[in-house]
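The following account leads the reader through a single structure, from one residue outward to the chain and back to a few selected sites. Please keep the sequence and the coordinates in view while reading.

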Amino acid sequence: MLKSVDRVFVYRRTSTKKQSLGLAAQESIIANYLAMSGAQRLSTYEEKESGKIRSSARPELAKALAECKAMKAT
């Protein structure tokens, strides 16, 4: 469990249009987790990319990781 002072960046991804409800389900789980842990959401990144695409080819993931590292967040 995170400490209440933890700051987090959220990255959500679905791979197809058929999974559009997947983002809503992910957000619900994330919101519940943040509420229970007391962590602070700094930003949310979202992509609709195939799971077959390498992580290095996902621009929103790259942005999230870079900002997370710069802010020393989770």
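Is Tyr45 buried or exposed? In this predicted model, Tyr45 has a relative accessibility of 9% and therefore counts as buried, since the cut-off for that class is under 20%.

The ring of Tyr45 leads to an aromatic partner. The chain holds 1 aromatic pair by the rule applied here. That pair consists of Phe9 and Tyr45, whose ring centres are 6.5 Å apart and whose planes enclose an angle of 40°, an arrangement classed as tilted. Distant parts of the chain are linked in this way: Phe9 belongs to strand β1 (residues 7–14), Tyr45 belongs to strand β2, and 36 residues separate the two in sequence. Phe9 also counts as buried, because its relative accessibility is 12%.

The wider architecture gives this pair its setting. The chain contains 2 helices and 2 strands, and these follow one another along the sequence in the pattern β-α-β-α. Of the 74 residues in the chain, 24% are buried. The contacts can be considered by separation in sequence: among those between residues at least 6 apart, 68% join residues at least 24 apart. The chain exposes about 5,200 Å² of surface, of which 57% is supplied by carbon and sulfur atoms.

Strand β2, which spans residues 40–48, also contains Glu47. Glu47 is buried but forms no salt bridge. Why does Arg58 not provide one? Arg58 is the nearest side chain of opposite charge, at 5.0 Å from Glu47, whereas a salt bridge requires a side-chain nitrogen of Lys or Arg within 4 Å of a carboxyl oxygen, so the criterion is not met. A polar atom of the Glu47 side chain does, however, lie 2.7 Å from the backbone nitrogen of Glu60. Beyond its neighbours within four places in sequence, Glu47 is in contact with Tyr11, Arg12, Arg13 and Thr14, as well as with Arg58, Pro59, Glu60 and Leu61.

A final site is found in helix α2, which covers residues 59–71 and includes Ala62. Ala62 has a relative accessible area of 42% and is therefore partly exposed. Ala62 and Tyr45 are 17 residues apart along the chain, and their C-alpha atoms are separated by 9.8 Å. This comparison returns the reader to the starting residue, Tyr45, which is buried at 9% relative accessibility.

How values were computed. Residues are numbered from 1 along each chain as its sequence is written. This is a predicted model: local features need pLDDT of at least 70, side-chain atom pairs count only at pLDDT 80 or more; totals for chains, interfaces and linings use all residues. Side-chain values use heavy atoms; hydrogens and water are left out. Helices (H or I, at least four residues) and strands (E, at least two) are DSSP runs, numbered from the N terminus. Buried means under 20% relative accessible area, exposed over 50%, partly exposed in between (1.4 Å probe, protein chains only). Lys and Arg count as positive and Asp and Glu as negative; His and the chain ends are not counted. A polar contact is a pair of N or O atoms within 3.5 Å; within protein, one must be able to donate a hydrogen and the other to accept it, and residues adjacent in sequence count only if both atoms are side-chain atoms. Contact means heavy atoms within 4.5 Å. Rings of Phe, Tyr and Trp (its six-membered ring) pair if their centres lie within 6.5 Å; planes under 30 degrees apart count as stacked, over 60 as edge-to-face and the rest as tilted. Accessible areas come from the Shrake-Rupley method with a 1.4 Å probe; for residues, only the protein chains shown count as cover.
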